[in-house]
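Biologist: I keep running into words like "buried" and "polar contact" when people talk about structures. Could you walk me through where such words come from?

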Amino acid sequence: MKFELTILGCGSAVPTLQRNAAAQVLHVLERYFLIDCGEGTQQQLRRFKVPYNKINHIFISHLHGDHFFGLIGLLSSFSLQNRRAELHIYSDKRLQEIVEFQLKVMNARLNYPLIFHYLDREPGVIYEDRMMTVHTFPLKHRYEAPVTGFLFAEKEKERNIKREMTDAFHVPVAFMHRLKKGEDYITPDGEVIANSRLTTAPPAPRSYAYMTDTLFRETFAEYVKGVDLLYHESTYGNEFEGLAKDTFHSTAGQAARMAVLAGAKHLLLGHFSSRYPDPAPLLEQAREIFPNTDLCYDGAVFELPAVKRG
């Protein structure tokens with residue numbers, strides 16, 4: 001089952017010829033989540049062949065334009081295409097006021113339910129279904145635009161039945177759901193059959209964290225401990241650490257330090273300043289601290305394969 005990230009835009013502030021504004025799609029188990037929606041996002045969805053009509057949940061990290069200016073266009077296009085399914089937006093509550101004002105000025109009405117879920121400054125679960133959760137956590141940016149980070153995580157799956165073994169020990173069908181939960185089986189004669197003989201472990205749950213537009217704070221690593229794939233903004237190179245602090249952003253080296261502190265398995269750098277037509281120097285700086293680092297680029301796809309456990 002897919003756990004795949006597509007980068008639609010990885011620039012900061014203004015789009016460039018090389019990079020669109022911030023947006024990405026996470027495909028998890030046939031669920032499509034849009035994370036931020038900078039200017040031009042709907043063109044990028046088409047360009048990179050993302051089935052955008054399957055997007056039912058949009059997460060907006062904060063209300064700076066390079067993270068949400070593409071939203072009203074996308075919402076309007078959904079309506080023009082006669083969408084009927086609910087669309088859920090997770091954001092600062094002021095975004096609802098902005099969207100409703102835009103629709104009012106245009107004398108327009110959406111033909112599908114648009115449901116807003118407000119983010120606050122407390123860490124917690126904002127989305128949950130039977131397969132996965134989305135946790136939110138506060139980051140540190142400019143006061144007028146509080147930023148929220150997101151952690152997308154699969155839930156632990158049930159164990160897989162070894163049919164030939166359960167048949168051999170005549171395990172009743174009614175007990176199968178308990179086997180899947182990890183229980184041992186006790187035969188009518190009192191023999192204990194270890195669960196590991198009757199089942200196999202499911203693949204390890206996968207996780208992805210999105211951390212953008214933030215000062216570096218060591219304590220933020222606690223929110224994403226052990227994450228498989230970490231996207232962390234790296235607006236500037238290490239040579240501009242002072243500028244990063246003044247503008248409430250992070251450097252490539254700080255992004256790498258976050259990956260180390262969190263025990264992440266893989267780091268993605270993004271949200272590059274337009275002063276870096278080629279962000280390769282940022283990659284070099286990050287890899288000195290955290291070798292398993294890659295650069296984002298528009299159209300890049302990063303897949304987390306299912307990993308078997310013993």
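Modeller: Let's go through this one by asking what each label rests on. Keep in mind that the model is predicted.

Biologist: Okay, why is His62 called buried?

Modeller: Buried means a relative accessible area under 20%. His62 has 1%, so the label applies.

Biologist: And where does His62 sit in the chain?

Modeller: His62 belongs to the loop between strand S4 (55-59) and helix H2 (71-80). Skipping its neighbours within four places in sequence, His62 is in contact with several residues, among them Asp36, Phe68, His141, Pro146 and Asp213.

Biologist: What makes two residues "in contact"?

Modeller: Their heavy atoms have to be within 4.5 Å. His62 and Asp213 count as in contact, so they have heavy atoms within that limit.

Biologist: Asp213, then: what makes it buried?

Modeller: The cut-off is under 20%, and Asp213 has a relative accessible area of 2%, so buried is the right word. Asp213 lies in the loop between S14 and strand S15 (229-233). Not counting neighbours within four places in sequence, the contacts of Asp213 include His62, His64, Lys140, Glu233, Phe248 and His271.

Biologist: Why is the link between Asp213 and His67 called a polar contact?

Modeller: A polar contact needs a pair of N or O atoms within 3.5 Å, one able to donate a hydrogen and the other to accept it. The side chains of Asp213 and His67 make such a contact at 3.1 Å, so the distance passes the cut-off.

Biologist: Which residues does UniProt list together with Asp213 under "binding site"?

Modeller: One such annotation, from an unreviewed entry, lists Asp66, His67, Asp213 and His271.

Biologist: How do you know that they gather at one spot?

Modeller: They span 206 residues in sequence, yet no two of their C-alpha atoms are more than 10.7 Å apart, so they do come together in space. Asp66, Asp213 and His271 are also part of the lining of the largest pocket.

Biologist: Where else does the UniProt annotation "binding site" apply?

Modeller: The unreviewed entry also uses it for His62, His64, His141 and Asp213. Those are spread over 152 residues of sequence but cluster in space, with a largest C-alpha distance of 10.4 Å. Of these, His64, His141 and Asp213 are included in the lining of the largest pocket.

Biologist: Back to His271: is it buried or exposed?

Modeller: Buried, because its relative accessible area is 1% and the limit is under 20%. His271 is found in the loop between strand S16 (266-270) and helix H9 (280-287). Among the residues His271 touches beyond four places in sequence are Cys10, Asp66, Asp213, Tyr231 and Thr235.

Biologist: What makes Thr235 buried?

Modeller: Its relative accessible area is 2%, and with the cut-off at under 20%, Thr235 is therefore buried. Thr235 lies in the loop between S15 and helix H7 (241-246). Its side chain makes a polar contact with the side chain of His249 at 3.3 Å, so the pair is within the 3.5 Å limit.

Biologist: How do you know that strand S9 is largely enclosed?

Modeller: Seven of the seven residues of S9 (residues 148-154) are buried, so the rest of the structure largely encloses the strand. Thr148, Phe150, Phe152 and Glu154 point one way, while Gly149, Leu151 and Ala153 point the other way.

Biologist: Why do they take turns like that?

Modeller: Because side chains in a regular strand alternate between the two faces of the sheet.

Biologist: What makes S9 and strand S8 a pair?

Modeller: Two strands pair if there are at least two bridges between them. S8 (residues 132-138) and S9 have seven, in the antiparallel sense, so they qualify. In that pairing, Phe137 stands opposite Gly149. S9 also pairs with strand S14 (residues 207-211) over four bridges, again antiparallel, and Ser207 is the bridge partner of Ala153.

Biologist: Finally, which residues line the largest cavity?

Modeller: Gln42, Leu45, Arg46, Tyr52, Leu74 and Ser77 do. Helix H1 (41-47) and H2 each give two or more residues to that lining, and H1 gives the most, with three. The volume of this cavity is about 30 Å³.

How values were computed
Residues numbered from 1 in each chain as written. Predicted model: local features only at pLDDT ≥ 70, side-chain atom pairs only at ≥ 80, totals over all residues. Heavy atoms only, no water. Buried < 20%, exposed > 50% of the residue type's maximum accessible area, 1.4 Å probe, protein only. UniProt positions renumbered as here; feature names shortened; annotations may be inferred. 1 Å grid on protein atoms, 1.4 Å probe; cavity = no way out; pocket = protein on both sides within 12 Å on 5 of 7 lines; lining within 4 Å. Points joined across faces, edges and corners; volume = space filled by probe spheres on them.
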